[in-house]
Amino acid sequence: KIDAAAPLDKVCLLGCGFSTGFGAAVNTAKVKPGSTCAVFGLGGVGLSVVMGCKAAGASRIIAIDINKDKFAKAKELGATECINPRDFKKPIQEVITEMTGHGVDYSFEVIGHTDTMTAALASCNMNTGVCVMVGVPDTGAVLTVDPMLLLTGRTWKGTLLGGWRMRDSMPKLVSSYLEKKFNPDLLITHTLPIAKVNEGFELLRAGKR
(Lines give C-alpha, C1' and ligand atoms only; values in the text may rest on other atoms or scores of the structure.)
Protein backbone atom coordinates (compact mmCIF):
# COMPACT_ATOMS: atom_id res chain seq x y z
CA LYS A 1 0.00 0.00 0.00
CA ILE A 2 1.09 3.53 -0.70
CA ASP A 3 0.17 6.92 0.69
CA ALA A 4 -3.38 7.77 -0.40
CA ALA A 5 -2.26 11.33 -1.12
CA ALA A 6 -0.07 10.17 -4.02
CA PRO A 7 -1.46 10.99 -7.50
CA LEU A 8 -1.73 7.63 -9.27
CA ASP A 9 -1.30 9.19 -12.73
CA LYS A 10 2.18 10.31 -11.60
CA VAL A 11 3.45 7.66 -9.18
CA CYS A 12 2.60 4.93 -11.70
CA LEU A 13 6.05 5.77 -13.10
CA LEU A 14 7.54 4.29 -9.94
CA GLY A 15 6.10 0.88 -10.81
CA CYS A 16 8.93 0.19 -13.23
CA GLY A 17 10.43 2.87 -15.48
CA PHE A 18 11.64 5.52 -13.06
CA SER A 19 12.54 3.13 -10.24
CA THR A 20 14.50 0.90 -12.63
CA GLY A 21 16.64 3.71 -14.02
CA PHE A 22 17.10 5.67 -10.82
CA GLY A 23 17.88 2.50 -8.86
CA ALA A 24 20.38 1.29 -11.46
CA ALA A 25 22.49 4.32 -10.57
CA VAL A 26 21.99 4.57 -6.81
CA ASN A 27 21.56 0.88 -5.89
CA THR A 28 23.20 -1.34 -8.50
CA ALA A 29 26.13 0.83 -9.60
CA LYS A 30 26.32 2.81 -6.35
CA VAL A 31 27.56 5.88 -8.22
CA LYS A 32 29.97 7.90 -6.10
CA PRO A 33 30.13 11.70 -5.78
CA GLY A 34 32.50 13.32 -8.28
CA SER A 35 32.48 10.32 -10.63
CA THR A 36 31.93 10.19 -14.39
CA CYS A 37 29.03 8.34 -16.04
CA ALA A 38 27.85 7.43 -19.54
CA VAL A 39 24.20 6.61 -20.23
CA PHE A 40 23.33 4.82 -23.48
CA GLY A 41 19.70 5.42 -24.41
CA LEU A 42 17.55 8.39 -23.39
CA GLY A 43 14.05 6.99 -23.18
CA GLY A 44 12.17 7.25 -19.89
CA VAL A 45 14.36 4.68 -18.16
CA GLY A 46 17.60 6.16 -19.49
CA LEU A 47 16.57 9.64 -18.37
CA SER A 48 15.85 8.15 -14.94
CA VAL A 49 19.42 6.82 -14.88
CA VAL A 50 20.60 10.37 -15.61
CA MET A 51 18.52 11.60 -12.66
CA GLY A 52 19.99 8.89 -10.44
CA CYS A 53 23.56 9.75 -11.42
CA LYS A 54 22.91 13.41 -10.69
CA ALA A 55 21.30 12.61 -7.33
CA ALA A 56 24.33 10.48 -6.45
CA GLY A 57 26.64 13.42 -7.11
CA ALA A 58 28.27 12.46 -10.42
CA SER A 59 30.34 15.35 -11.78
CA ARG A 60 30.08 14.37 -15.44
CA ILE A 61 27.15 12.60 -17.08
CA ILE A 62 27.54 11.84 -20.80
CA ALA A 63 24.21 11.02 -22.45
CA ILE A 64 24.22 9.01 -25.69
CA ASP A 65 21.36 8.58 -28.17
CA ILE A 66 20.84 8.56 -31.94
CA ASN A 67 17.79 10.81 -31.49
CA LYS A 68 19.04 14.35 -30.84
CA ASP A 69 15.52 15.43 -29.90
CA LYS A 70 16.14 13.74 -26.53
CA PHE A 71 19.13 15.93 -25.67
CA ALA A 72 17.31 18.98 -24.27
CA LYS A 73 15.40 16.88 -21.73
CA ALA A 74 18.54 14.95 -20.81
CA LYS A 75 20.39 18.19 -20.04
CA GLU A 76 17.42 19.49 -18.07
CA LEU A 77 17.58 16.38 -15.90
CA GLY A 78 21.32 16.47 -15.28
CA ALA A 79 23.33 15.37 -18.32
CA THR A 80 26.46 17.49 -18.74
CA GLU A 81 27.04 16.46 -22.37
CA CYS A 82 24.98 14.76 -25.07
CA ILE A 83 26.45 12.93 -28.05
CA ASN A 84 25.04 11.14 -31.09
CA PRO A 85 27.06 8.09 -32.26
CA ARG A 86 26.07 8.89 -35.85
CA ASP A 87 28.09 12.11 -35.67
CA PHE A 88 31.36 10.15 -35.42
CA LYS A 89 33.26 7.87 -37.77
CA LYS A 90 34.82 5.87 -34.93
CA PRO A 91 33.12 3.53 -32.42
CA ILE A 92 31.35 5.41 -29.64
CA GLN A 93 33.42 3.68 -26.95
CA GLU A 94 36.55 5.23 -28.49
CA VAL A 95 34.88 8.65 -28.50
CA ILE A 96 33.98 8.36 -24.80
CA THR A 97 37.44 7.10 -23.87
CA GLU A 98 39.00 10.09 -25.66
CA MET A 99 36.57 12.49 -24.01
CA THR A 100 37.43 11.24 -20.54
CA GLY A 101 41.03 10.14 -21.00
CA HIS A 102 40.52 6.70 -19.50
CA GLY A 103 36.84 5.81 -19.83
CA VAL A 104 34.02 6.62 -17.42
CA ASP A 105 33.68 5.29 -13.89
CA TYR A 106 30.15 3.99 -14.57
CA SER A 107 28.32 3.18 -17.80
CA PHE A 108 24.71 2.13 -18.32
CA GLU A 109 23.14 0.40 -21.33
CA VAL A 110 19.44 1.32 -21.34
CA ILE A 111 18.43 0.19 -24.82
CA GLY A 112 18.60 -3.60 -24.93
CA HIS A 113 20.89 -4.05 -27.95
CA THR A 114 23.82 -6.44 -27.67
CA ASP A 115 26.14 -4.16 -29.66
CA THR A 116 25.52 -1.21 -27.35
CA MET A 117 25.95 -3.49 -24.32
CA THR A 118 29.46 -4.27 -25.52
CA ALA A 119 30.11 -0.61 -26.33
CA ALA A 120 28.96 0.44 -22.86
CA LEU A 121 31.29 -2.10 -21.27
CA ALA A 122 34.21 -0.87 -23.37
CA SER A 123 33.37 2.75 -22.48
CA CYS A 124 34.15 2.39 -18.79
CA ASN A 125 37.60 2.46 -17.17
CA MET A 126 39.46 -0.74 -18.04
CA ASN A 127 40.67 -1.26 -14.47
CA THR A 128 37.94 0.05 -12.20
CA GLY A 129 34.89 0.75 -14.40
CA VAL A 130 31.44 -0.62 -13.64
CA CYS A 131 28.96 -1.25 -16.46
CA VAL A 132 25.30 -1.92 -15.68
CA MET A 133 22.91 -3.60 -18.13
CA VAL A 134 19.44 -2.07 -17.78
CA GLY A 135 17.91 -2.54 -21.24
CA VAL A 136 16.14 -5.84 -21.96
CA PRO A 137 17.47 -7.65 -25.06
CA ASP A 138 15.34 -9.58 -27.52
CA THR A 139 14.52 -13.14 -26.49
CA GLY A 140 17.35 -15.45 -27.54
CA ALA A 141 19.87 -12.64 -28.03
CA VAL A 142 23.47 -13.75 -27.48
CA LEU A 143 26.51 -11.64 -26.60
CA THR A 144 29.96 -12.22 -28.06
CA VAL A 145 32.53 -10.37 -25.98
CA ASP A 146 36.30 -10.00 -26.09
CA PRO A 147 37.30 -11.46 -22.70
CA MET A 148 40.04 -8.85 -22.36
CA LEU A 149 37.30 -6.28 -21.72
CA LEU A 150 36.66 -8.03 -18.40
CA LEU A 151 40.05 -9.56 -17.66
CA THR A 152 41.62 -6.14 -17.18
CA GLY A 153 39.33 -5.35 -14.26
CA ARG A 154 35.97 -4.03 -15.40
CA THR A 155 32.83 -5.13 -13.57
CA TRP A 156 29.68 -6.02 -15.56
CA LYS A 157 26.37 -6.09 -13.74
CA GLY A 158 22.69 -6.38 -14.56
CA THR A 159 19.67 -5.00 -12.80
CA LEU A 160 15.92 -5.50 -12.78
CA LEU A 161 13.70 -2.88 -11.17
CA GLY A 162 16.78 -0.98 -10.10
CA GLY A 163 17.67 -3.29 -7.26
CA TRP A 164 14.74 -2.24 -5.06
CA ARG A 165 12.79 -4.70 -2.92
CA MET A 166 9.48 -3.37 -4.13
CA ARG A 167 7.29 -4.57 -1.25
CA ASP A 168 9.43 -2.50 1.10
CA SER A 169 10.71 0.14 -1.28
CA MET A 170 7.56 1.23 -3.11
CA PRO A 171 5.94 2.99 -0.12
CA LYS A 172 9.30 4.68 0.63
CA LEU A 173 9.73 5.79 -2.99
CA VAL A 174 6.21 7.24 -2.99
CA SER A 175 6.95 9.08 0.27
CA SER A 176 10.16 10.47 -1.25
CA TYR A 177 8.16 11.60 -4.27
CA LEU A 178 5.65 13.40 -2.05
CA GLU A 179 8.57 15.02 -0.20
CA LYS A 180 9.84 16.23 -3.62
CA LYS A 181 13.18 14.44 -3.27
CA PHE A 182 12.95 13.65 -6.99
CA ASN A 183 10.56 14.61 -9.76
CA PRO A 184 9.69 11.87 -12.27
CA ASP A 185 6.81 14.07 -13.52
CA LEU A 186 9.38 15.59 -15.90
CA LEU A 187 9.43 12.28 -17.79
CA ILE A 188 5.76 12.50 -18.79
CA THR A 189 5.34 13.59 -22.40
CA HIS A 190 1.78 12.39 -23.13
CA THR A 191 -1.24 11.35 -21.09
CA LEU A 192 -3.73 9.17 -22.96
CA PRO A 193 -6.91 7.28 -21.95
CA ILE A 194 -6.75 3.49 -22.08
CA ALA A 195 -8.86 3.54 -25.26
CA LYS A 196 -5.87 5.15 -27.01
CA VAL A 197 -3.29 2.70 -25.73
CA ASN A 198 -2.28 1.76 -29.28
CA GLU A 199 -1.51 5.42 -30.01
CA GLY A 200 0.74 5.31 -26.96
CA PHE A 201 2.63 2.35 -28.37
CA GLU A 202 3.01 4.17 -31.69
CA LEU A 203 4.53 7.15 -29.86
CA LEU A 204 6.81 4.75 -28.01
CA ARG A 205 8.05 3.10 -31.20
CA ALA A 206 8.54 6.48 -32.88
CA GLY A 207 10.69 7.71 -29.97
CA LYS A 208 8.31 10.59 -29.29
CA ARG A 209 7.36 9.74 -25.74
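## K180 and the loop after α8

Just after helix α8, K180 takes a positive phi of about 60°. This is a predicted model, and in it K180 has that positive phi although it is not a glycine. The residue lies in the loop between α8 and α9 (197-205). With a relative accessibility of 72%, K180 counts as exposed.

L161 is another residue with a positive phi, about 55°, although it is not a glycine. You will find L161 in the loop between β6 and α8. L161 is partly exposed, at a relative accessible area of 29%.

## Helix α8 and its two faces

Between those two loops comes α8 itself, which runs over residues 166-178. It has 13 residues, and from its first C-alpha to its last it reaches 17 Å, close to the 18 Å expected at 1.5 Å a residue. Its buried residues are M166, S169, M170, L173, V174, S176 and Y177. Looking down the axis of α8, these buried residues fall within an arc of 160°, so they line one face of the helix. The general geometry is a familiar one: an α-helix has 3.6 residues a turn, so residues three or four places apart point the same way.

What does the face turned away from the buried side of α8 carry? There you meet the exposed residues R167 and K172. On the buried side, the cover includes α1 (8-11) and α2 (17-29).

## The nonpolar cores

Helix α8 also has a part in the largest nonpolar core, to which it supplies at least two residues. That core has 39 residues, and those with the most contacts inside it are L14, V31, V39, L42, C53 and F108. Each of the following also supplies at least two residues of this core: α2, β1 (36-40), α3 (44-55), β2 (60-64), α4 (71-77), β4 (106-109) and β5 (130-133). Apart from this core lies another, of 16 residues, among them F40, A119, A122 and L149.

C53 is a good place to zoom in. Leaving aside residues up to four places away in sequence, C53 touches A25, V31, C37, A58, I61 and F108. Among these neighbours, V31 and F108 are, like C53 itself, listed with the residues that have the most contacts inside the largest core.

## Two cysteines, no bond

C37 is one of the residues that C53 touches, so why do these two cysteines not form a disulfide? A disulfide is a covalent bond between the sulfur atoms of two cysteines. The cut-off used here asks for the two sulfur atoms to be within 2.5 Å. The sulfur of C37 is 3.6 Å from its closest cysteine sulfur, in C53, and that is too far for a bond. Seen from the other side, the cysteine sulfur closest to that of C53 is in C37.

Both residues are hidden from solvent by the accessibility count: C37 is buried at 0% relative accessibility, and C53 is buried with a relative accessible area of 0%. Across the whole structure, the number of disulfides is zero.

## S107 and helix α6

Strand β4 holds S107, which is buried, with a relative accessible area of 0%. Where does the side chain of S107 reach? It comes to the backbone oxygen of A120, at 2.7 Å. Not counting residues up to four places away in sequence, S107 touches A38, A120, L121, C124, V130, C131 and V132.

A120 and L121 both appear among the buried residues of helix α6, together with T116, M117, T118, A119, A122 and S123. This helix, residues 114-123, is mostly covered: eight of its ten residues are buried. The cover over them includes β1, α5 (92-100), β4, β5, α7 (148-151) and β6 (155-158).

## Two distances across the chain

D69 sits in the loop between β2 and α4, and at 63% relative accessibility it counts as exposed. The C-alpha atoms of D69 and L42 are separated by 9.8 Å, with the two residues 27 apart along the chain.

E199 belongs to helix α9 and is partly exposed, with a relative accessible area of 40%. How many residues separate E199 and M51 in sequence? They are 148 residues apart in sequence, and C-alpha to C-alpha they are 27 Å apart in space.

Terms used:
Residues are numbered from 1 along each chain as its sequence is written. This is a predicted model: local features need pLDDT of at least 70, side-chain atom pairs count only at pLDDT 80 or more; totals for chains, interfaces and linings use all residues. Side-chain values use heavy atoms; hydrogens and water are left out. Helices (H or I, at least four residues) and strands (E, at least two) are DSSP runs, numbered from the N terminus. The expected span of a helix is 1.5 Å times one less than its number of residues. Buried means under 20% relative accessible area, exposed over 50%, partly exposed in between (1.4 Å probe, protein chains only). The arc is that of the directions from the helix axis to the C-beta atoms. Contact means heavy atoms within 4.5 Å. A nonpolar core is a set of buried Ala, Val, Leu, Ile, Met, Phe, Trp, Tyr and Cys residues joined through side-chain atoms within 4.5 Å. A polar contact is a pair of N or O atoms within 3.5 Å; within protein, one must be able to donate a hydrogen and the other to accept it, and residues adjacent in sequence count only if both atoms are side-chain atoms.
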